[in-house]
Every structure is written in C-alpha cells, then in structure tokens.
Amino acid sequence: TAQDFSGAIAPPRVDGSVLGSVAAQMALGRRRLAVSVLLALVAEPLGYTCTDGRSTSRDLPGGRLSVTSICLGRNIAGPPGGNEARGHFRGPSPMHAVADKSRPGTIYFAWTEDLDFGASEAGADGRVHVTKLALSAAAPHAAKAGEASFDGFMRAGDLDITPEGKLGVMCAKHVPAWVSSFIEYMKVVKEKESYGDEMAPLLLGVCHVDSASMQPVGTPWRIGKSYMPGGASMSEGDRGNYPLTAWHAIRDGGYGWLTFADELRTWTTWYGATWGSHTGYAMHTYFDDSVVVDTVFNLTTAGLENREEPWPACCPRKWADWNRHGTGDHQMGSMTRYHPLLKEIAVVKHTHGPLYMQHYGLAPLTGNFFHEKGGGHLTGRVQLNCTNRNDTARSEGAIRPCGLGWIMAMVTDQGNVCAKMNRNGTVTAWELIDASLGEENSNLGQYRQNKLVRLATLGRPEASARCGASGRFLMGYEAAGGRRMLVEIDGDCRRLTEPVEVTESTAWPRHQEW
C-alpha cells in the first residue's frame with residue numbers, strides 16, 4: 001500500500017485513491033455454512049474505487065478464504081513520526097477488532113481518521129471511530145453496519161467489549177500544554193537548549209460505545225497517567241507516559257492493549273511507555289464502576305473524567321505495584337489476553353532476553369506464577385523455552401485461552417512455533433509449525449520485531465476455551481521472502497493443514513489483534 005510519509009506534522013496519509021478502505025479477511029468453514037472469526041484489517045491496495053459503505057467480496061481459490069473490501073469514506077491515519085515510523089506497523093495505524101459476545105457474525109473495530117493535530121490548546125484536534133461490521137456467508141461477506149465517532153482524539157488503540165455489549169476503546173488526546181511542559185522539563189534535566197517531542201506524553205482515555213445502537217456512552221475517562229514533571233504517584237507523574245512517537249515504546253506494543261475482565265469487571269490497559277528519555281511500559285486497572293473524583297491535577301485533563309484508580313493493597317488480589325504503573329525496563333515486546341475460565345490476564349513480554357510470561361494477578365496466583373507478595377513486575381515470571389528441544393521464544397505473537405491454560409504462537413530460535421502452557425506455568429506442548437522466518441526475525445537478534453505471528457480461535461466462541469484435539473485455531477505468520485502464511489492447527493498445536501501462502505491476497509499490520 002502506498003503511503004506518503006513526507007509530512008512532518010500531520011500523520012502520513014494513505015494515498016488518496018484508497019480513501020480509507022479496509023480489507024477484511026474471513027476464513028470460511030469447510031462447508032461454507034458461516035463466516036468464521038478471523039478479521040484482519042489492512043489498507044486496501046491501489047485501484048479500488050471507494051464510496052462510503054461500499055462492500056465488495058472476492059473468494060480466493062480453494063474456497064477457504066474470502067477478502068472483502070469495505071469503504072470507510074475517510075482516510076485512515078498512518079503512524080505519526082515520518083519515515084522513522086514506517087517500520088512500526090508495516091501498514092496503517094492499528095485497527096484492533098473484537099467480536100460481539102452475544103451476536104454471532106458481528107465484529108467491531110477502532111480506527112484513527114487521518115487529520116492534523118497539535119493546533120488546539122484545548123486538545124480538541126482529531127477524530128477516532130468505532131465501526132460495526134455484519135458478517136455473512138453470502139457475498140458480500142462483510143458490510144458496514146454502524147459507526148460511532150469521537151471528536152478531539154488523535155489516536156485509537158485497542159478495544160474490548162463487556163458481556164452486555166458496552167465497547168471500550170483506548171482514545172488519546174494531544175494536549176499542547178503537556179507536550180511543552182515535558183519539553184521544558186527535559187531541557188533542564190538533559191541540560192540542552194532544545195529537546196524533541198517524540199517521548200512527550202499524550203492524554204490516554206477510554207471512550208465507550210453502546211454496541212446495539214452504536215451511540216457513545218457517557219463521558220470518556222482518563223486511564224493513563226496525568227502528566228506532571230518529576231511526579232511519581234500512581235495516577236500522576238512522568239513515570240509511564242503514553243508517548244507520541246517514541247520509537248521503542250511504540251515498536252514494543254503498538255498503541256497499547258485494553259482488556260475487560262468480566263469477573264472483577266475491570267478495564268486494564270498496558271502500553272509501551274516513557275519515563276523521561278527511558279522507555280519501558282505502564283499498566284493501569286480501573287473498575288467499570290469506578291467513581292468520578294474531583295482531583296485537581298497539575299495540568300489539564302482536557303475534559304476527560306478522572307476516576308478513582310484502586311491501589312491493589314485495598315484488595316485481596318494484588319495485581320500491580322509501583323513498577324507496573326510506569327518503569328523504564330526497556331520492554332521490547334508484548335502480548336496479552338483475558339482467560340474467561342481462569343478469570344485472569346496473561347502478560348507475555350521481553351526486554352533484553354527471552355520471552356517470559358506472568359499472570360497479572362486478578363485471580364489467585366498458582367504454581368510457577370505464584371509469589372507470596374502477589375502480582376507485580378518482578379514476581380512470578382516464567383521463561384518461555386523448551387529445554388527438550390533446545391529452543392527459546394524470542395518474539396511475541398498472540399495468545400488465546402485453551403482449556404484451563406493457554407495456547408500461543410510466537411517466534412523462537414528455530415522458527416514459528418505453537419506452544420501451550422497450563423494454569424500453573426508449565427509448558428505442555430511445543431511444536432515447530434514452520435522453520436522459515438522473515439528477514440527481520442533472522443537478522444535483528446534481540447530486537448526481533450517482526451511481530452506478525454497471529455492466532456485466532458476458530459469455529460467456537462473464544463469464551464469456550466475449547467482445547468485439545470477438538471480445538472481449532474488459525475495461525476498466521478511471515479516466512480522467508482516476506483511471504484504471509486496461514487495454517488490451521490488444533491488445540492494441541494498439531495498442524496491440520498499445509499501452510500497456504502496468501503501474500504498476494506491479504507496482509508495484516510504489526511500490533512493489531514485478529
């Protein structure tokens with residue numbers, strides 16, 4: 001997809017002939033009775049005439065995959081930051097998707113419109129959208145079925161949905177007062193006459209949408225830290241900024257993750273973060289019904305509600321500590337998912353070494369994940385390796401519930417691998433799916449940033465956590481030569497089909513969940 005990365009201030013624009021169309025790829029069941037759950041969103045190749053709401057499908061040879069082009073009517077934003085940002089996503093800005101939990105064939109995705117930002121002192125620039133898609137076994141296989149929009153936000157991140165159908169999407173504001181405060185503070189700290197805005201903080205919130213009516217619900221509320229130079233409290237400070245364009249912070253987690261946990265009814269965000277000139281990560285958890293507080297912060301929060309952030313010491317399940325609220329650990333990758341049976345969030349990441357996994361701590365920690373102090377940055381880490389096969393995981397892909405454990409796809413020393421881990425942190429399966437690796441994975445050592453390995457539950461709701469021989473998952477990855485591959489596996493990581501190359505038909509960006 002042609003994109004113009006020459007703009008220094010505005011986000012790079014998708015070429016005008018695209019006009020914000022996306023391609024949705026659905027893996028079809030063997031009998032084509034219904035569309036399955038895979039949705040990958042990419043900017044449509046040139047030559048597509050875009051009219052808002054238009055939807056056109058084409059079935060690919062073999063009858064197992066259909067690609068549907070859907071016009072959004074507005075340009076999709078690329079990553080801000082010019083040429084340096086080109087490698088962040090290998091595509092447009094992330095457009096995360098989530099399936100409805102009670103309406104089969106309904107999917108929602110969030111995206112950022114390509115508009116200038118930075119002029120409004122009130123942080124009123126930009127617009128993000130949440131679009132509803134109706135899937136069908138008959139062509140066109142996907143059609144636009146509604147949309148909610150939020151003005152004053154210049155970035156959309158991950159989204160999730162409650163069992164009742166309330167959507168939550170990460171939505172960020174560019175507040176010039178925050179940026180200038182950061183720059184002036186860093187000029188003093190670094191003893192420099194000038195300092196860039198790459199690591200400057202954005203104001204991160206959550207915007208809610210009623211999925212039935214596709215109307216915004218309530219007032220967006222702040223979930224990231226309120227910026228204060230030199231501060232270090234749980235909800236305010238400069239440890240754990242949600243950054244504008246910081247290279248490492250965005251390369252390790254894109255625009256961040258948002259997870260709703262139905263047992264405790266909490267919203268948890270996890271994003272690559274900055275602390276001054278250092279990079280790392282931050283995590284924050286709020287109850288869905290957290291009360292609005294009248295706290296007056298050092299800098300404006302630009303119309304977002306400030307809600308009470310619970311310190312986990314208040315609760316029997318300690319899921320966070322000061323480090324998780326913002327630290328400079330040089331995080332280089334991340335993947336996460338909620339397990340509806342374990343009532344827990346998987347945290348998988350790496351810094352300068354192999355991947356390791358933790359349980360966040362929403363549920364009581366057990367086995368190798370257990371620590372007497374509860375959850376936290378330094379506790380309950382389980383390294384992802386297979387000593388019997390002399391293999392170690394190096395780059396995150398995707399993770400899904402599987403029985404009372406997890407199934408995950410990732411890049412290891414030996415190739416693209418599927419692995420399983422039980423609830424106690426013991427690896428129970430480790431299967432090499434394809435030894436062929438994309439060039440970036442082969443040559444970048446500890447900075448392996450391919451991050452194109454994906455995994456999607458097939459045929460049943462993800463909440464069922466179907467596993468074993470009857471479980472079905474679709475795995476995607478990049479092989480040598482930039483070839484995009486799809487393969488079907490079971491819940492024991494056994495390959496059920498031969499890998500199929502789909503490079504000429506579809507693609508998916510980094511840091512965007514299926």
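These questions and answers look at salt bridges in a predicted model.

User: How many salt bridges does the structure hold?
Analyst: A salt bridge here needs a side-chain nitrogen of Lys or Arg within 4 Å of a carboxyl oxygen of Asp or Glu. The structure's total is 25.

User: Which residue forms a salt bridge with Arg74?
Analyst: Arg74 sits in the loop between strand E6 and helix H1. Its partner lies 39 residues away, in the loop between strand E8 and strand E9. The closest N and O atoms are 3.5 Å apart, and the partner is Glu113.

User: Is Glu113 buried or exposed?
Analyst: Buried means under 20% relative accessible area. Glu113 has 9% relative accessibility, so Glu113 counts as buried.

User: What does Arg74 count as, by relative accessibility?
Analyst: The range between 20% and 50% is called partly exposed. Arg74 has 23% relative accessibility, so Arg74 counts as partly exposed.

User: How far apart in sequence are the parts that Arg400 and Glu513 tie together?
Analyst: Arg400 forms a salt bridge with Glu513, with the closest N and O atoms 2.9 Å apart. Arg400 lies in strand E26, and Glu513 in the segment after strand E33. The parts they tie together are separated by 113 residues.

User: What is the relative accessible area of Arg400?
Analyst: Its partner Glu513 is buried, at 6% relative accessibility. Arg400 is buried too, and its value is 1%.

User: Which residues join Arg74 in one network?
Analyst: Arg74 pairs with Glu113. Salt bridges that share partners link these two into one network with Arg127, Lys144, Glu147 and Asp151. Arg74 is therefore joined by Glu113, Arg127, Lys144, Glu147 and Asp151.

Conventions: Residues numbered from 1 in each chain as written. Predicted model: local features only at pLDDT ≥ 70, side-chain atom pairs only at ≥ 80, totals over all residues. Heavy atoms only, no water. Helix = DSSP H or I, 4+ residues; strand = E, 2+ residues; numbered from the N terminus. Buried < 20%, exposed > 50% of the residue type's maximum accessible area, 1.4 Å probe, protein only.
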